[in-house]
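Reader: I'd like a close look at one part of this model, the place where chain B and chain A meet. Could you walk me through it, and set the contact with chain D beside it?

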Protein chains: 4
Amino acid sequence: MGDFMKKMKEDPFANYLGITIEDVEEGYAKVSMEIKGNLLNFHGSANGGAIFSLADVAFACASNSHHQAAVGIAMTIYYMQASGMGDRLVAIAREETKPHRLGVYRIEVLNDKGELIALAEGMAYRKRDKLVP
Amino acid sequence: MGDFMKKMKEDPFANYLGITIEDVEEGYAKVSMEIKGNLLNFHGSANGGAIFSLADVAFACASNSHHQAAVGIAMTIYYMQASGMGDRLVAIAREETKPHRLGVYRIEVLNDKGELIALAEGMAYRKRDKLVP
Amino acid sequence: MGDFMKKMKEDPFANYLGITIEDVEEGYAKVSMEIKGNLLNFHGSANGGAIFSLADVAFACASNSHHQAAVGIAMTIYYMQASGMGDRLVAIAREETKPHRLGVYRIEVLNDKGELIALAEGMAYRKRDKLVP
Amino acid sequence: MGDFMKKMKEDPFANYLGITIEDVEEGYAKVSMEIKGNLLNFHGSANGGAIFSLADVAFACASNSHHQAAVGIAMTIYYMQASGMGDRLVAIAREETKPHRLGVYRIEVLNDKGELIALAEGMAYRKRDKLVP
């Protein structure tokens, strides 16, 4: 996972949002992010796009963990609970399918208390390219 | 729409991503964003989370346009085509339902050539609170 | 569309539910179904599965209309309004993308008054097989 | 669960498809169905609408298990693997959230070998009505 983790950690958008890639295994990833002022919406809660983006980084890490380029083609997110300033959110992605042309992943977004903030399911399409040579 | 547009334009996350709110009417919104280096993923394309976030801002503007606080509870996104550095993306959200407790919105994300980059459907839950007093 | 329409009209499940295939063009399909007693749920409304199935037949017709076998891989449905005994529902599917490996379709389910009962988006994966030789 | 199970077992559409309600607990349901000729599509596989309908019955049982009328408002399904004539499919629905106005449920559809055929997530809206007086 060495070169791959390195590549993941250089994702510009993940870095721009302050997302930390904590762990990536085959078909699994755990990432985290702190809700700072720039991630809020005009209601004063964590922005839905920021929460989705955290889930999406976990999804990208897990779906690319087989060292073959995978792109997200569809994703659904259900928001369960609001999150606010100062919360540290964790997103955990797990493969629901065997490695295949199309892969389905479940992603849970949890707050500090382990409560479910959002739940997502993503579908990835694997290309023939190797990700890291 | 004066006070409301002002409120929308102060959304911290939308500003952080460089999203411009171009137009908001009842049940409709148009927003745009330029893909700069900080919005890319590790494959070098526009990050799926950034594209979703643009769609989500359009959704938030359209669903809150009835001056009643609305929160997104579910959203699905299908990615149709990649987008890259320098592209200017536009997201247009339109209400699929009459104003109601639950509202469904379709959001199209288009590139400069008018090609469909992503397509989303979001569901919003309207609270009893007035948004702008 | 001759042979293809014939094949579509022999779909066993569509027939079992009393679904009529009204029109199929390239990337488009219109189908209809009457809500009889066997399609109700225990609340006394049209069953969500029956409504989905109608949308799904329209989706299958539209996505296979390029004479290349396509299978649905993902679908999202939003229910807008209940439907009851005696209603005649129509589902209309339209291609959101150019013919491609992956296709996205929007499906509207309408009642007799033209009101939106449900709205679905489906993604299909096209195989290399020709559908009708 | 006595009266409730009885009500569930009288669902007309579930009966029409030959669905058996095997077990319902608070926030949980298990149902099953055999793929007979009338549930096939024109490709000769189990129809996506039939598979969805099985998942939807499990979802309805689990979401109504708190004895308060709940209606499905949104559902996403991902199809993982084809299923054919003679397969016995089981759908298991589990609550992802605490009983609340809006509930999210995960539904797995498995074949005889325990392989994942489809995976769904549904959102239910609970009304104020008691289901069984």
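Author: Let's start with a term: a salt bridge here is a side-chain nitrogen of Lys or Arg within 4 Å of a carboxyl oxygen of Asp or Glu. By that rule, there are 0 salt bridges across the interface of chain B and chain A. Keep in mind that this is a predicted model.

So what does hold our attention there? Polar contacts, for one: 20 residue pairs make them between chain B and chain A, both partners at pLDDT 80 or more. On the side of chain B that touches chain A, the elements giving two or more residues are helix H1 (2–9), helix H2 (12–16), helix H3 (48–63) and strand S3 (68–79) of chain B. S3(B) brings the largest share, 10 residues. Sorted by class, that side of chain B has 20 nonpolar, 11 polar and 3 charged residues.

As for extent, 34 residues of chain B are in contact with 34 residues of chain A. About 2,900 Å² is buried between the two chains, and carbon and sulfur atoms give 62% of that. On the chain B side, Phe13(B), Tyr16(B) and Phe42(B) lose the most area to chain A, together 27% of what that side buries.

Back to the strand, then. S3(A) and S3(B) run antiparallel and are joined by 5 bridges. One pairing to find on screen is Ala74(A), whose bridge partner in S3(B) is Tyr78(B).

Now the symmetry. A turn of 180° with a shift of 0.0 Å along the axis lays chain B on chain A with an RMSD of 0.0 Å. The two copies are therefore related as by a two-fold rotation axis. In chain B, Thr76(B) comes closest to that axis, its C-alpha lying at 2.1 Å. Both copies use the same surface, since 100% of the contact residues of chain B recur in chain A.

Over to chain D. Here 15 residues of chain A are in contact with 15 residues of chain D, and the area buried between them is about 1,200 Å², with 64% from carbon and sulfur atoms. Tyr78(A), Glu96(A) and Glu121(A) lose the most area on the chain A side, together 44% of what it buries. Between chain A and chain D the count is 4 salt bridges. In one of them, the side chain of Glu121(A) meets that of Arg106(D), at 3.7 Å from N to O. The chain A side that touches chain D divides into 9 nonpolar, 3 polar and 3 charged residues.

Terms used:
Residues numbered from 1 in each chain as written. Chains lettered and ligands numbered in written order. Predicted model: local features only at pLDDT ≥ 70, side-chain atom pairs only at ≥ 80, totals over all residues. Heavy atoms only, no water. Contact = heavy atoms within 4.5 Å. Buried area = accessible area lost by both parts, 1.4 Å probe. Nonpolar A, V, L, I, M, F, W, Y, C, P; charged D, E, K, R; others polar. Least-squares fit on C-alpha atoms with pLDDT ≥ 70 in both. Polar contact = N/O pair within 3.5 Å; in protein donor to acceptor, adjacent residues only side chain to side chain. Helix = DSSP H or I, 4+ residues; strand = E, 2+ residues; numbered from the N terminus. Pairing = 2+ DSSP bridges.
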